[in-house]
Amino acid sequence: MSNSEYGISIEDLKKLMVARKQEGREAIDSEYGGTDGLCGKLKTDPQNGIPNNSDELERRRNAFGANEIPPHPPKSFFTLVWEALQVNYLYIFFIDAKKILCLK
């Protein structure tokens, strides 16, 4: 399923992002005819990028979504405490503290 205006779908772009190094280069070459072919499908100038006008940017945002990575949800306090308790240094600290308290 490709975007009617651009000739490439969000799913296709996600697949390209997963492919790395030589695998990604081969995918671009075989499926899109190289970077020039991919730029043609995205209606992008390989030298200058996308036009910097608000209409074009809004059209691309509607077609592909915002160019942002959603933030990870913050860890809860109890998760942070549990992770801190997994550190071996804390066990040594608790053992030493217990020895000191027992000696008093």
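How far apart do the end C-alpha atoms of residues 32-93 lie, and how much of the span is helix and how much strand? In this predicted model, those end atoms are 59 Å apart, and the span is 58% helix and 0% strand. The stretch is a good place to begin, since it carries an annotation: an unreviewed UniProt entry places the feature "domain: Cation-transporting P-type ATPase N-terminal" at residues 32-93. A related distance can be read between Tyr32 and Phe94, which are 62 residues apart along the chain and whose C-alpha atoms are separated by 60 Å. Phe94 itself belongs to helix α6, residues 88-103. With a relative accessibility of 44%, Phe94 counts as partly exposed, because that class runs between the 20% limit for buried and the 50% limit for exposed.

Now let us turn to helix α4, which spans residues 54-64 and has Glu56, Arg60 and Ala63 as its buried residues. These three cover an arc of only 65° around the axis, so they sit on the same side of α4. Opposite them, the face turned away from the buried side carries the exposed residues Ser54, Asp55 and Asn62. What do the buried residues of α4 pack against? Their partners are α1 (10-18) and α3 (34-42).

Arg60 deserves a closer look. This arginine is located in α4 and has a relative accessible area of 9%, so it is buried, given that the cut-off for that class is under 20%. Leaving aside residues up to four places away in sequence, Arg60 touches Tyr6, Leu42, Lys43, Thr44, Ile50 and Gly65. The last of these contacts, Gly65, is also the residue that follows α4, and its phi is positive, near 90°.

Gly65 brings us to the largest pocket, which has a volume of about 830 Å³. Twenty residues line this pocket, and Leu13, Phe64, Gly65, Ala66 and Asn67 are the closest to its centre. Which helices each supply at least two residues of the lining? They are α1, α3 and α4, the helices already met in the packing of the buried side of α4. The largest share of the lining comes from α1, with six residues. Sorted by class, the lining has 12 nonpolar residues, along with three polar and five charged ones.

Key. Residues are numbered from 1 along each chain as its sequence is written. This is a predicted model: local features need pLDDT of at least 70, side-chain atom pairs count only at pLDDT 80 or more; totals for chains, interfaces and linings use all residues. Side-chain values use heavy atoms; hydrogens and water are left out. UniProt positions are given in the numbering used here, feature names are shortened, and annotations may be inferred rather than shown by experiment. Helices (H or I, at least four residues) and strands (E, at least two) are DSSP runs, numbered from the N terminus. Buried means under 20% relative accessible area, exposed over 50%, partly exposed in between (1.4 Å probe, protein chains only). The arc is that of the directions from the helix axis to the C-beta atoms. Contact means heavy atoms within 4.5 Å. On a 1 Å grid over the protein atoms alone, a cavity is a set of points where a 1.4 Å probe fits but cannot get out, and a pocket is an open set with protein on both sides within 12 Å along at least five of seven lines; lining residues have an atom within 4 Å of a point. Grid points are joined across faces, edges and corners, and a volume is the space filled by probe spheres set on the points. Ala, Val, Leu, Ile, Met, Phe, Trp, Tyr, Cys and Pro count as nonpolar, Asp, Glu, Lys and Arg as charged, and the others, Gly among them, as polar.
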